[in-house]
Structures are given as C-alpha cells and as structure tokens.
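Please open the model in your viewer, with side chains shown as sticks, and follow the selections below in order.

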Amino acid sequence: MTDQPDQLDQLDPERGRSPRRAMCAAVLSLEAITLGLTTPVMITMSDIRPAVALSVGLGLAAACILLAGMLRKESAYFLGHLIQVAAVLLGLVVPVMWALGAIFALLWATAYGLGRKIEREREAAFADFDRRRESGA
C-alpha cells in the first residue's frame with residue numbers, strides 16, 4: 001500500500017491539524033476583544049475624534065478576527081506580527097496598551113514559536129511512524 005501524503009491526511013485528520021494555527025488564532029481572538037474595548041477608552045479619555053477611534057479600535061479588532069481565519073497561509077502570520085506592532089503602538093494614544101500590547105505580543109510570539117516547534121516534532125513523529133509501518137516493524 002503506497003499512501004500519498006494527501007491520502008494519509010484523509011485517513012488520519014490529526015496530521016492536517018496545525019497547533020500553531022490554533023494557538024495563534026486563539027491569541028488573535030482574545031486580542032480582538034481587547035482592541036475593540038480600546039475604542040471607548042480612546043473616545044472618553046483621549047482627544048481622539050469618535051470616527052477615528054472607531055476606525056482604529058474596531059478596525060484592528062476586525063483585522064484580528066479576519067486574520068485568525070486566514071492563518072492557513074504562511075503570509076497571514078507576517079500580518080499577525082504587524083498586528084502586534086500596531087497593538088503596542090496604540091500605547092501612544094491609550095497608555096495601558098503599552099502593557100497590554102506587550103503582553104499580547106509575548107503571547108503571540110510564544111504561540112508562534114511553540115506551535116512551530118510542535119509542528120516540526122509532529123512531522124518527525126509521523127515520518128517515523130510511516131517508516132516503521134512501511135517496514136513492517
């Protein structure tokens with residue numbers, strides 16, 4: 001039996017799951033809530049016009065949600081890095097975002113790095129499993 005990688009993914013759906021994508025999407029989803037809640041803070045505590053505050057706060061929140069769904073593509077992770085920079089820089093307007101943005105950037109970096117490590121280890125384990133199965137061991 002010579003299974004192609006696509007056939008193996010269909011037989012074992014666990015092979016197609018990405019822990020990095022799941023962890024990064026979770027971080028972006030929680031970050032969307034935080035960024036959305038910066039909108040009323042910008043309106044009430046800063047000299048930001050409501051239209052600008054709505055555009056920035058809700059725009060970044062919507063970008064997080066959309067990006068969480070786009071993480072199947074590698075380029076989306078680069079955009080995720082840019083969201084983290086934007087969240088930290090939001091501290092220029094909402095000072096508490098220096099801390100919150102840094103926390104989310106740290107969570108993002110951890111999810112990204114740990115997810116990549118898990119993916120590499122899983123790939124090696126599945127390759128070893130396939131070699132053993134093919135050799136009949």
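Begin by selecting Cys 24, Leu 28, Leu 35, Leu 71 and Trp 108, which touch the most other members among the 25 residues of the largest nonpolar core, a core being a set of buried Ala, Val, Leu, Ile, Met, Phe, Trp, Tyr and Cys residues joined through side-chain atoms within 4.5 Å. This is a predicted model, in which local features need pLDDT of at least 70 and side-chain atom pairs count only at pLDDT 80 or more, while totals for chains, interfaces and linings use all residues. Residues are numbered from 1 along each chain as its sequence is written, and side-chain values use heavy atoms, leaving out hydrogens and water.

Next, colour helices H2 (19–45), H3 (50–69), H4 (74–89) and H5 (96–135), each of which supplies at least two residues of this core; H2 gives the most, with 7 residues. Helices here are DSSP runs of H or I with at least four residues, numbered from the N terminus.

Now centre on Trp 108, whose contacts (heavy atoms within 4.5 Å) include Val 27, Gly 80, His 81 and Gln 84, when residues up to four places away in sequence are not counted.

Add Tyr 77, which is buried, as is Trp 108, buried meaning under 20% relative accessible area with a 1.4 Å probe and protein chains only. The ring centres of Tyr 77 and Trp 108 are 6.4 Å apart and their planes lie at 40°, so the pair is tilted, given that rings pair with centres within 6.5 Å and count as tilted when their planes are neither under 30 degrees apart (stacked) nor over 60 (edge-to-face). Tyr 77 lies in helix H4 and Trp 108 in helix H5, so this pair ties together parts 31 residues apart in sequence.

Finally, select Tyr 112, which forms one aromatic cluster with Tyr 77 and Trp 108.

Key. Buried means under 20% relative accessible area, exposed over 50%, partly exposed in between (1.4 Å probe, protein chains only). Rings of Phe, Tyr and Trp (its six-membered ring) pair if their centres lie within 6.5 Å; planes under 30 degrees apart count as stacked, over 60 as edge-to-face and the rest as tilted.
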